[in-house]
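Let's walk through this one together, starting with how its helices pack and ending at a ligand. Keep the viewer open as you read.

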Amino acid sequence: MLTTLILGLVLGGTYALLALGLTLQYGIARIMNLAYGELTLIAAFVVVAAFQAAGIPPLAALIAVVPAGYALGWVLYTVMMRPLVARSESRGRLEIDSILATFGLLFLIQGVLLVSFGANFTSISYLDRGVNVFGVSVALNRLIAFGICVVAAGALIWALARTRWGLVMRAVALTPGSAPLVGIDVNRVARQGFALGTALAAAGGVSVAMYQTFSATGGVVFTMKALVIVIMGGVGNVAGALIAGLALGLIETFVSTTIDPGLTMAATFLIFLIVLLWRPQGLFGRG
Amino acid sequence: MLEVRDLRVRYGKHVALEGVSLKVGAGQMVAILGANGAGKSSLLNAIAGRIPTQGGDIAFEGQSLADVPTHALVERGIAIVPEGRGIFPALTVADNLSLGAIPERARASADGMRADVFELFPRLAERRAQIAGTMSGGEQQMVAIGRALMSAPKLLLLDEPSLGLAPIVAKEVFAALKRIRDTGLTVLVVEQNARATLALADFAYLVEAGRVTGSGPAAELRSDPAVVRAFLGGAMASET
Ligand SMILES: Nc1ncnc2c1ncn2[C@@H]1O[C@H](COP(=O)(O)OP(=O)(O)O)[C@@H](O)[C@H]1O
Ligand SMILES: [Mg+2]
């Protein structure tokens, strides 16, 4: 039972981190990014390649991969999203356009990953010796992956709630129409939000690479789960996403150990449907 | 300080302003009076870079403001309180005020300015932790004006600050405007309440159907028979 709890929390930490990035991109830049899981996979494959080819440990790669994710997000927003934003008169139009555009991007990235890394499942063994946690043996790589998620999510939530930068982000997310009145360049903030979301996708990818087995076609699963968590937590609700992410990790681990591993996806979407029908504003959203 | 020349604004085929010119001198409070639909908001929004113009020029401290976006104008010292207030209803009063001080130019003076705003509107000090959207219309107007002041503006643009407020609350807002004027801040205010506004302003322009149809020192307009008939008679007079 304790094993399930700890493994569930580790998995949930990764999910929560992925969901935070997606919710930032949607909440601040108003872009529903269907290629989000593929961005995570790019980071995961880069980490694996660096480890296998040059022996660079994932923790060292993290320092380069996260800023690179930010830069990639910045470029993607400027080249691909900005024209969509510029021509959309309404928010609904931008949402539809961004879903179509990022759906295309999904297959583009997937194709590049398939060509570069093949279709096989990949994983690495890095720091996989067991560590005793409350009497349960947990692989060190999972603990480190969890640590990355806790630090990244904690820093983000603190910055959003406590800093001037965070106040600007919240202002743009909540009332973009009023932001220019206080001197905020909404376009610049949207680009920052999108880039930061991509950086979190990359951090999530590093954490995935450390303890999970993954393949070039599996990105959509990350996107779906992140989306489920965002909706469960309440769209734009950062703390809600964090809690929902941890909860989903716990539920999946519980279902796969006590019922059947094949049912994890089914359990995820059952919960998703219940939330959608019962509380469409999310478990923690304002009614 | 501000000079508008021959400004034209259209919405599609509809002409809202057809050649409006006005001047606001440093330290002055200038009023724009006109009926509903005269083009007052269009004029203010054009100055603040919130809508595109189809001709004419707007100069602030001698520099043209053509193509300067709203957010950059705040940095230059122009703050606007638009019709509808444009606050952040989901954030607290304190956060709304802090956002006012986001521009680079306002950061050093933010603490002093916040104290001034709380002195001007003691209610905001009492309610600083309240979500702004849950406040009354008059209180939200105070938040909007307070936030504009937080940006340490050189020029304050106000669009119908008394619109939709109960007479007693409107009176409070005008009292605050008087105190703001007395600090020497340059103010351009749009109003329908001509009597209260002419009592405060130095100079006023009358706008009808997208044109300036009259102008003069506020003291003179107050006793101008045509103005009295158009703006100060009947219902208007009883409002103050
Ligand atoms: N966004 C808009 N689209 C079309 N017409 C508009 C728009 N805004 C204002 N108008 C029209 O322009 C004219 C001037 O409006 P406005 O500047 O809001 O007047 P005021 O503030 O003096 O009441 C009105 O006839 C109004 O109907
Ligand atoms: Mg108006």
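Begin with helix 3 (residues 58-87) of chain A and helix 4 of chain A, whose axes lie 9 Å apart and make an angle of about 150 degrees. Here helices are DSSP runs of H or I with at least four residues, numbered from the N terminus, and axes are lines fitted to C-alpha atoms over the stretch in contact, with angles from 0 to 180 degrees between N-to-C directions. Helix 3 of chain A and helix 4 of chain A are therefore roughly antiparallel, a label for angles over 145 degrees. Their crossing is right-handed, meaning that the near helix is turned clockwise from the far one by less than a right angle. From helix 3 of chain A, residues including Leu76(A), Met80(A) and Leu84(A) take part, and on the helix 4 side the partners include Leu94(A), Ala101(A) and Leu105(A); contact means heavy atoms within 4.5 Å. By class, this contact has 8 nonpolar, 2 polar and 3 charged residues.

A word on the model itself: it is predicted, so local features need pLDDT of at least 70 and side-chain atom pairs pLDDT 80 or more, while totals for chains, interfaces and linings use all residues. Residues are numbered from 1 along each chain as its sequence is written, chains are lettered from A and ligands numbered from 1 in the order written, and side-chain values use heavy atoms, leaving out hydrogens and water.

Now turn to helix 2 (residues 36-54) of chain A, whose axis comes within 10 Å of that of helix 4 (residues 91-117) of chain A, crossing at roughly 20 degrees. Helix 2 of chain A and helix 4 of chain A are therefore roughly parallel, the term for angles under 35 degrees. Among the residues that touch are Phe45(A) of helix 2 and Phe117(A) of helix 4.

Helix 2 of chain A also packs against helix 8 (residues 219-233) of chain A, with axes 7 Å apart and an angle of about 125 degrees. This pair is therefore oblique. Tyr36(A) and Gly37(A) are among the helix 2 residues in this contact, and Phe222(A) is one of those from helix 8.

Finally, move to chain B, where the residues around ligand 1 include Tyr11(B), His14(B) and Lys40(B), each with a heavy atom within 4 Å of the ligand. A backbone N or O atom of Gly37(B) is 2.7 Å from a ligand oxygen, and a polar backbone atom of Lys40(B) is 2.8 Å from an oxygen of ligand 1. The side chain of Ser42(B) places an N or O atom 2.5 Å from a ligand oxygen.

Note on methods:
Angles under 35 degrees count as roughly parallel, over 145 as roughly antiparallel, 65 to 115 as roughly perpendicular and the rest as oblique. A polar contact is a pair of N or O atoms within 3.5 Å; within protein, one must be able to donate a hydrogen and the other to accept it, and residues adjacent in sequence count only if both atoms are side-chain atoms. Ala, Val, Leu, Ile, Met, Phe, Trp, Tyr, Cys and Pro count as nonpolar, Asp, Glu, Lys and Arg as charged, and the others, Gly among them, as polar.
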